[in-house]
Amino acid sequence: MEWKGRRQSGNIEDQRGASPEGGLGGSPFGRGGGFRLPGGGGGMRRAGGGLSFGTIIFLVILYFVLRAMGIDMLQVLEGGPMNIPGFEQSDGSQVPQGSAEEEEMKAFMATVLAETEDTWNGIFQASGEQYEEPKLVLFNGSVRSACGFASAASGPFYCPGDRKVYLDMSFFDELAHKFDAAGDFAQAYVLAHEVGHHVQNLIGVLPKFNQMRQRMSEVDANQMSIRVELQADCFAGIWGKYTEQKGLLERGDLEEALNAATQIGDDTLQKRMQGYVVPESFNHGTSEQRMKWFQRGFDSGQMSACDTFSGSV
């Protein structure tokens, strides 16, 4: 996919390195502990409780050492933000800079998100409606959302409660090496699918489903979930169509997305993980279904073609 040099979305919340309780927070030197000055003898403390000359010299030296490291203790003591080299300040949390590969992946995700924004803004405007752009939250390991706590093991997800997509980018390593679905357009498909859930939330599909499934049996809820997921695949295909029309697709990109849809089908995943399939437990769709609906969205470029709730899927 041709993506470098294109617009990157500003709707990114980088929470990599933040704790799920809301960031590093607390003591500026780490959670719970703070920074302890050396204690004991050696003339470091006077019996009267004041500071000895040796202590003052030590603190002065410590101040300049920290300044040399880029840490302004006067700013910290005054309650201001502490900037540490190698960290970015974002929404009150300190986010470590990733490797060059991770930063390129972040730029790629920001570009794909921008392309989804262009696609859905155009579609909604053509219908006389306004598209509300979602946020993409990048995290490492675990994260807390309006939908509750989640770990990286749960994979990328969309939370309708805060209208944000959550992604641990290490998922793409697993997608490539564990599930044989490598390629940048396969990665883009994953994000476009989650944005598809956001579109469903805006048009009322997700709220209706979440309300209905409270009265459904587990089997019926799984069957309805399949239809919801396949529509998100179809919406991802619509984005793929608009991306192709811009001339951004390279040879093999569509095949990468279709292969990813195949590898994460319920039947393929169950065969891989347990050696057999249990159709009653499917909740995302088979490999064939996921490919079919992504392709349908890609071929048509129309939301009307993505009605997965009428007839068979």
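Two strands pair if DSSP finds at least two bridges between them. Strand 7 and strand 8 of this predicted model meet that rule, with 3 bridges in the antiparallel sense.

**Figure 1. Overview of the chain.** The model is predicted. The chain holds 10 helices and 8 strands. Of its 313 residues, 43% count as buried. Take the contacts between residues at least 6 apart in sequence: 68% of them join residues at least 24 apart.

**Figure 2. The open sheet of 4 strands.** The strand order is 1-4-8-7, and the pairing is mixed. Strand 1 (12-14) and strand 7 (157-159) stand at the edges. Each has a single partner strand, so one side of each is left without a neighbour in the sheet. On average, neighbouring strands of this sheet are turned by 25 degrees against each other, direction ignored. Helix 3 lies across strand 1, strand 4 (135-138) and strand 8. Helix 3 runs at about 155 degrees to strand 1.

**Figure 3. Strand 7 against strand 8.** The two strands are antiparallel, paired over 3 bridges. Phe157 stands opposite Tyr166 in strand 8. Strand 7 is also an edge strand of the sheet. Strand 7 appears again in Figure 7, among the elements that cover the buried residues of helix 6.

**Figure 4. Surroundings of Lys164.** Lys164 belongs to strand 8 (residues 164-167). Is Lys164 buried or exposed? Its relative accessible area is 19%. Buried means under 20%, so Lys164 counts as buried. Neighbours within four places in sequence are left aside for the contact list. The contacts of Lys164 are then Glu13, Lys135, Val137, Phe157, Tyr158 and Cys159. Glu13 falls within strand 1 (12-14). Lys135 and Val137 fall within strand 4 (135-138). Phe157, Tyr158 and Cys159 fall within strand 7 (157-159).

**Figure 5. The hairpin of strands 5 and 6.** Strand 5 (residues 142-145) pairs with strand 6 (residues 148-151). The sense is antiparallel, over 4 bridges. A hairpin of 2 residues joins strand 5 to strand 6. Which residue of strand 6 is the bridge partner of Ser142? The partner is Ser151. Val143 stands opposite Ala150 in strand 6.

**Figure 6. Helix 3 crossing helix 7.** The axes of helix 3 (residues 100-126) and helix 7 (residues 218-245) come within 10 Å. They cross at roughly 95 degrees. Angles of 65 to 115 degrees count as roughly perpendicular, so helix 3 is roughly perpendicular to helix 7. Helix 3 contributes Val112, Glu115, Thr116, Thr119, Trp120 and Ile123 to the contact. Helix 7 contributes Phe235, Ile238, Trp239 and Tyr242. By class, the residues of this contact divide into 7 nonpolar, 2 polar and 1 charged.

**Figure 7. The two sides of helix 6.** Helix 6 spans residues 205-212. Which residues of helix 6 are buried? They are Val205, Leu206 and Phe209. Seen down the axis of helix 6, these buried residues fall within an arc of 90 degrees, so they line one face of the helix. On the other side, Lys208 and Gln211 are exposed. The cover over the buried residues includes strand 7, helix 5 (184-203) and helix 7.

**Figure 8. Helix 9 and its end.** In helix 9 (residues 266-274), the residues Asp266, Asp267 and Gln270 are buried. Around the axis they cover an arc of only 95 degrees, which puts them on the same side of helix 9. Helix 10 is included in what covers them. Gly275 follows helix 9. The phi of Gly275 is positive, near 85 degrees.

**Figure 9. Surroundings of Ala305.** Ala305 lies in the segment after helix 10 (287-300). Ala305 is partly exposed, at a relative accessible area of 21%. Residues up to four places away in sequence are not counted as contacts here. On that basis Ala305 touches Cys234, Trp293, Arg296 and Ser300. Cys234 falls within helix 7 (residues 218-245). Trp293, Arg296 and Ser300 fall within helix 10 (287-300). How many residues apart in sequence are Ala305 and Ile238? They are 67 residues apart in sequence, and 9.5 Å apart in space, C-alpha to C-alpha. Ile238 also takes part in the contact of helix 7 with helix 3 in Figure 6.

Key: Residues numbered from 1 in each chain as written. Predicted model: local features only at pLDDT ≥ 70, side-chain atom pairs only at ≥ 80, totals over all residues. Heavy atoms only, no water. Buried < 20%, exposed > 50% of the residue type's maximum accessible area, 1.4 Å probe, protein only. Contact = heavy atoms within 4.5 Å. Axes fitted to C-alpha atoms, helices over the stretch in contact; angles between N-to-C directions. Parallel < 35°, antiparallel > 145°, perpendicular 65-115°, else oblique. Nonpolar A, V, L, I, M, F, W, Y, C, P; charged D, E, K, R; others polar. Arc of directions from axis to C-beta.
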